[in-house]
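This report walks a new reader through one protein model, from the overall form down to single residues. Please keep the sequence and the structure in view while reading.

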Amino acid sequence: MRVRTFVGGVALLATTAGLIGAAQPAGAEVRTAAGGGSRTVDVQLLSFNDFHGNLEPPTGSSARLTELQPDGSVKTINGVGGVEYLADSLRTARSGHPLSITAAAGDLIGASPITSALFHDEPTIEAMNGLGLDVTGVGNHEFDEGRAELQRMQDGGCHPKDGCYAEGRTFEGAEFPFLAANVTDDSTGKPILDPTYVWEKDGVKIGFIGVTLEGTPNIVTADGIRGLTFHDEIKTINHYAAKLQRQGVKSIVALIHEGGLPASGAYNYDCDAAGAGSGISGPIVDIAKGVTAKVDALVTGHTHTAYACTIPDPEGNPRTVTSAASFGRLYTDTTLTYDRRSGDIVRTSVESANHVVYRTNAAADMTTLINRYKSIAAPIANRPIGWIGTDIGPADGPDDSPLGNLIADAQLTYARSVDPGTSVALMNPGGIRDDLDYVSSVNGEGDGVVTYGEAFAVQPFANTVNVVGLTGAQLLTVLQQQVSGVNLASPKILQPAGLTYTLDLTKTGADRIVADSVRVAGAPLDLTATYRVAANSFLTGGGDGFGELAKGANPLVGADDLVAFERYLAANSSATSPLQAPAADRVNVVK
């Protein structure tokens, strides 16, 4: 077994027989190239984020972008992304650029479609190795299967329970470092993975710092991060930027798994049109304003949005902040002009733009990789489990949705089979990762057929359906937590079954939930009564800021959420009587 580790910023390559590589100075991966005589030289930085194991070309809204036209109209671009085309796009972009770095800002893995997820995302790591990724920061989804599994992604080795997936093949791990500067082990106080990485070629040094959002504990399963602390992004980056500069590294890029919300959803929207950073909001704005001027560019993620903005640093200097949407639909090409004399980036010469990953040329090695894993997964992924009569998708904004309500209905039905007194089910919108499309996929299963693989893409987290007892007052608190506390700025509207209410967006905070509008099975909410409430294990563990759900009494742990979904489709659909989309009428939104 080969193990590549990046300890203390020093790259080592080892095998079970011992070390076979040499340590590189200051953790740098040193690559030789012919030298140049000019004082400045352009360094190409290619970046992407939130890939989420989308090896095969994504479908539906996950394969869609919008593009602003010169006349101000908006064009929809369908059918983009997929690792075969991302790899080809990156390789093409590198042509003619002897100094080129490829970096990512987290969530490479986790919430992945079945071709990657069934193999614990090993295929995605192999693909990232193949397309030439140099470095990535961790995101919240890197912790979906816990710290030990993230370490295995870095170091390699067979899965502790499922073993290796092909005789004679051992998973070799990532050939690039995962950076986790702001994630420390409570027992040691040290980062669980390398905090920084230095890329060096032809005398050019670029330092990278990787952080995930401080709020990661609110959006991942508690068991996966037990014994870990997630620290403030700004303080962490500033600390390691100073440390890199003391090591002689003056050019620094931060990989931040936290993002912003541009005023337009078009990938080519100019968020600097009315002034630097005027067209973007969200958490990344304050982070960018607080990150030390020692850092020259911020590559960000998490919000699945596209932008290439300029947000001034604390000293008022222009600084590029980028994000490339998600699922490999875009990549960002940033030109960093490096001053050989100072070792720093000439900020005024930085140029950055997002580029569409069109499905024009497929990288043959990626096609081979996908086909290898698809052939192993096919008997499971292609099994029909239900029929639908129309597209069924998630919400676009703070509201309930046909797909969310369908999943909630499935969970309520399942919960009643094991706990007949269950009256309400709640589904978190972030747990819905894809649409159910009526049109047949590339696997040719037929229009309207829902395969196990397609259902898996909708709910890939392997949560259980749990039932807890909540008083009416507690249930009201849960509803209020959708729009208050950690969800105040970005509400998370639970998808309900057995419950209706009014959401008044003209108010603020918890007052947005109109208390006397809440109905359970058509009856007014009784604050003193006890209700049995079904939700997935992520929510009942307090995830997404719903701490009140974690206080539920007499918990019952049920089956996997995908089992509940499959059973519901089997019982409520057939080839001759396909399931129609439920109405999105359970949350009455006042705007």
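Does D223 count as buried or exposed? At 59% relative accessibility, D223 counts as exposed, where buried means under 20% relative accessible area, exposed over 50%, and partly exposed in between, with a 1.4 Å probe and protein chains only.

The model is predicted, which is the reason for some limits: local features need pLDDT of at least 70, and side-chain atom pairs count only at pLDDT 80 or more, while totals for chains, interfaces and linings use all residues. Residues are numbered from 1 along each chain as its sequence is written, and side-chain values use heavy atoms, with hydrogens and water left out.

**Overall form**

The protein contains 12 helices and 34 strands; these elements are DSSP runs numbered from the N terminus, with helices (H or I) of at least four residues and strands (E) of at least two. A compact globule of 591 residues would have a radius of gyration near 25 Å, and the 24 Å of this protein agrees with that; the radius is taken over C-alpha atoms, and the globule rule is 2.2 Å times the number of residues to the power 0.38. Along its principal axes, the C-alpha trace spans about 80 × 55 × 55 Å. Of the 591 residues, 54% count as buried, and the protein exposes about 22,700 Å², of which carbon and sulfur atoms supply 51%; these areas come from the Shrake-Rupley method with a 1.4 Å probe, and for residues only the protein chains shown count as cover. Among contacts between residues at least 6 apart in sequence, 75% join residues at least 24 apart, a contact being heavy atoms within 4.5 Å.

**The nonpolar core**

The largest nonpolar core has 43 residues, and those with the most contacts inside it are F48, V83, L108, M128, L131, F143 and F178. Such a core is a set of buried Ala, Val, Leu, Ile, Met, Phe, Trp, Tyr and Cys residues joined through side-chain atoms within 4.5 Å. Two or more residues come from each of β5 (40-48), α1 (83-94), α3 (122-131), α4 (147-155), β14 (228-230) and α7 (364-381), and α1 gives the most, with six residues. Leaving aside residues up to four places away in sequence, F178 touches L108, I125, T136, V138, E142, L150, M153, Q154, L193 and D194.

**Salt bridges**

Side chains of opposite charge can pair when their charged atoms come close. A search of the whole structure finds 16 salt bridges, each defined as a side-chain nitrogen of Lys or Arg within 4 Å of a carboxyl oxygen of Asp or Glu. Three of the pairs are set out here.

| Acidic residue | Basic residue | N to O distance |
|---|---|---|
| D339 | R39 | 3.0 Å |
| E122 | R152 | 2.8 Å |
| D223 | R226 | 2.1 Å |

The pair of D339 and R39 links distant parts of the chain, 300 residues apart, with D339 in strand β21 (residues 330-339) and R39 in the loop between β4 (29-31) and β5. D339 is buried, with a relative accessible area of 8%, whereas R39 is partly exposed at 41%.

E122 lies in helix α3 and R152 in helix α4, so their salt bridge ties together parts that are 30 residues apart in sequence. E122 is buried at 4% relative accessible area, and R152 is buried at 7%. In the pair of D223 and R226, R226 counts as exposed, at 61% relative accessibility. Salt bridges that share partners also join E122, E149 and R152 into one network.

**A four-stranded sheet**

An open sheet of four strands runs in the order β31-β30-β29-β34, with mixed pairing. β31 (523-524) and β34 (587-590) stand at the edges, each with a single partner strand, so one side of each is left without a neighbour in the sheet. Four bridges join β29 (residues 499-504) to β34, and these two strands run parallel; two strands pair if DSSP finds at least two bridges between them. The bridge partner of Y501 in β34 is V587.

**Two buried residues**

T322 is found in strand β20 (residues 320-324) and counts as buried, at 2% relative accessibility. Beyond residues up to four places away in sequence, its contacts include S47, L298 and Y307.

G106 lies in the loop between β8 (100-104) and α2 (114-117), and is buried with a relative accessible area of 0%. The C-alpha atoms of G106 and H141, 35 residues apart along the chain, are separated by 7.9 Å.
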